[in-house]
Amino acid sequence: MPGFLDIDGVSKSFGGLKALDGCSFSVAPNRATCLVGPNGAGKTTLFDVITGLLRPTSGQVVFEGQPITRLDRREIVKRGIARTFQNLRIFDELTVVDNVIVCLADETGNNPATAILRPYFSNAVVRRKTEQAMDLLKIVGLDHKAGDLASQISFGQQKLLCVARVLATDSELLLLDEPTSGLSAKALDTMVEMIDRLRSLGKTLLVVEHNTQIVRRISDDVVFMHQGRVLACGDPDTVLADRKLIEIYFGGALGETAA
Ligand SMILES: Nc1ncnc2c1ncn2[C@@H]1O[C@H](COP(=O)(O)OP(=O)(O)OP(=O)(O)O)[C@@H](O)[C@H]1O
């Protein structure tokens with residue numbers, strides 16, 4: 001029976017390097033699945049394949065029963081998959097609210113040029129888009145920063161802005177690439193609460209997360225990757241209790257630490 005998202009024998013080679021080597025697993029709807037594994041395991045490459053940034057060498061990605069492997073990345077967003085990036089990719093020179101407006105799913109078909117065209121929108125369109133964006137900024141607690149330049153808010157706030165931007169696409173499946181990395185303890189707690197909130201909004205989440213304590217807090221399911229392969233799938237308590245996997249994860253140093 002097909003899952004919500006099915007990764008079906010996906011491989012991706014860069015020259016002689018197999019970044020993904022026959023990966024298969026399914027993501028269940030309305031749950032948070034964490035992708036874990038040591039550096040170089042292939043997690044970001046898998047995100048790139050799911051979102052159409054990379055074509056797999058072989059295998060298929062199936063979303064809601066439909067193959068999406070050959071689709072253009074904009075079409076994939078329209079089907080309902082959005083992602084954040086490790087290096088954020090926000091527009092520093094735009095305001096916080098405009099950063100959200102450019103991602104709004106609307107009649108312009110997610111055209112990133114929306115912000116540039118903003119002066120040409122009618123007042124009614126500007127008002128509607130601004131209201132929509134402000135609603136999303138309220139969800140992530142950034143409405144008070146709406147008029148600031150994105151470059152002027154804190155790093156933790158920029159990461160929350162990335163969450164507002166994926167919400168703006170109205171996608172059902174959100175791929176979050178290391179949403180908690182580099183955050184202070186307080187900002188990290190805010191992001192964990194945000195991830196819970198996204199689940200309560202009915203979103204399905206696939207999250208790359210290095211910190212096993214955070215994985216335990218946010219995930220319903222865990223997929224463990226190593227050297228391009230899926231070594232285990234299951235509930236966090238089972239996967240993270242597997243001594244062999246933990247040994248792979250921490251390079252032979254047994255016992256859990258925050259990565
Ligand atoms: N464009 C590329 N060209 C060549 N090799 C690449 C490319 N992208 C990724 N790789 C290699 O593919 C492997 C998987 O990389 P990937 O970034 O997907 O791992 P990761 O699990 O996300 O790692 P990290 O946790 O460090 O972000 C690595 O060996 C990496 O060097």
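# Briefing: core, domains and ligand shell

In this predicted model, the largest nonpolar core holds 71 residues, of which Leu35, Val100, Leu137, Ala164 and Val207 touch the most other members. Helix H6 (residues 155–168) provides the largest share of this core, with eight residues, and at least three core residues come from each of domain 1 (1–80 + 172–185 + 199–259) and domain 2 (88–170). The chain as a whole has 259 residues, 39% of which count as buried, and its secondary structure comes to ten helices and ten strands.

**Core and contacts**

- Ala164, one of the core residues that touch the most other members, is in contact with Val100, Leu136, Leu137, Ile139, Val140 and Leu142 once its neighbours within four places in sequence are left aside.
- Two of these partners, Val100 and Leu137, are themselves named among the core residues that touch the most other members.
- Among the contacts in the chain with a separation of 6 or more, 67% join residues that are 24 or more positions apart.

**Domains and their contact**

- The chain is divided into domain 1, which is assembled from the segments 1–80, 172–185 and 199–259, and domain 2, which covers 88–170.
- Where the two domains touch, the contact takes eight residues from domain 1 and six residues from domain 2.
- On the side of domain 1 that touches domain 2, helix H2 (residues 73–79) gives the most, with three residues.
- By residue class, that side of domain 1 divides into four nonpolar, two polar and two charged residues.

**Shell around the ligand**

- The residues around the ligand are Phe14, Leu17 and Ala19, followed along the chain by Gly37, Asn39, Gly40, Ala41, Gly42, Lys43, Thr44 and Thr45.
- Strand E2 (17–27) and helix H1 (43–50) each supply at least two residues of this shell, and H1 accounts for the largest share, three residues.
- In terms of residue class, the shell divides into four nonpolar residues, six polar residues and one charged residue.

**Helix H1 and its end**

- H1 is mostly covered, since seven of its eight residues are buried, namely Lys43, Thr45, Leu46, Phe47, Asp48, Val49 and Ile50.
- Lys43 and Thr45 therefore combine two descriptions, as both are buried residues of H1 and both belong to the residues around the ligand, where a buried residue is one with 20 or more other C-beta atoms within 10 Å of its own.
- After H1 comes Gly52, whose phi is positive, near 85 degrees.

**Residues other than glycine with positive phi**

- Asn30 has a positive phi of about 55 degrees although it is not a glycine, and the residue lies in the loop between E2 and strand E3 (32–36).
- Asn30 is partly exposed because 14 other C-beta atoms lie within 10 Å, a count between the limits of 12 or fewer for exposed and 20 or more for buried.
- Asp170, likewise a residue other than glycine, has a positive phi near 65 degrees, and its position is in the loop between H6 and strand E7 (173–177).
- Asp170 counts as partly exposed because it has 17 C-beta neighbours inside 10 Å.

How values were computed: Residues are numbered from 1 along each chain as its sequence is written. This is a predicted model: local features need pLDDT of at least 70, side-chain atom pairs count only at pLDDT 80 or more; totals for chains, interfaces and linings use all residues. A residue is near a molecule or strand if its C-beta atom, placed from the backbone, lies within 6 Å of it. Helices (H or I, at least four residues) and strands (E, at least two) are DSSP runs, numbered from the N terminus. Ala, Val, Leu, Ile, Met, Phe, Trp, Tyr, Cys and Pro count as nonpolar, Asp, Glu, Lys and Arg as charged, and the others, Gly among them, as polar. Domain bounds come from an automatic or database domain assignment. Two residues are in contact if their C-beta atoms, placed from the backbone, lie within 7 Å. A nonpolar core is a set of buried Ala, Val, Leu, Ile, Met, Phe, Trp, Tyr and Cys residues joined through C-beta atoms within 7 Å.
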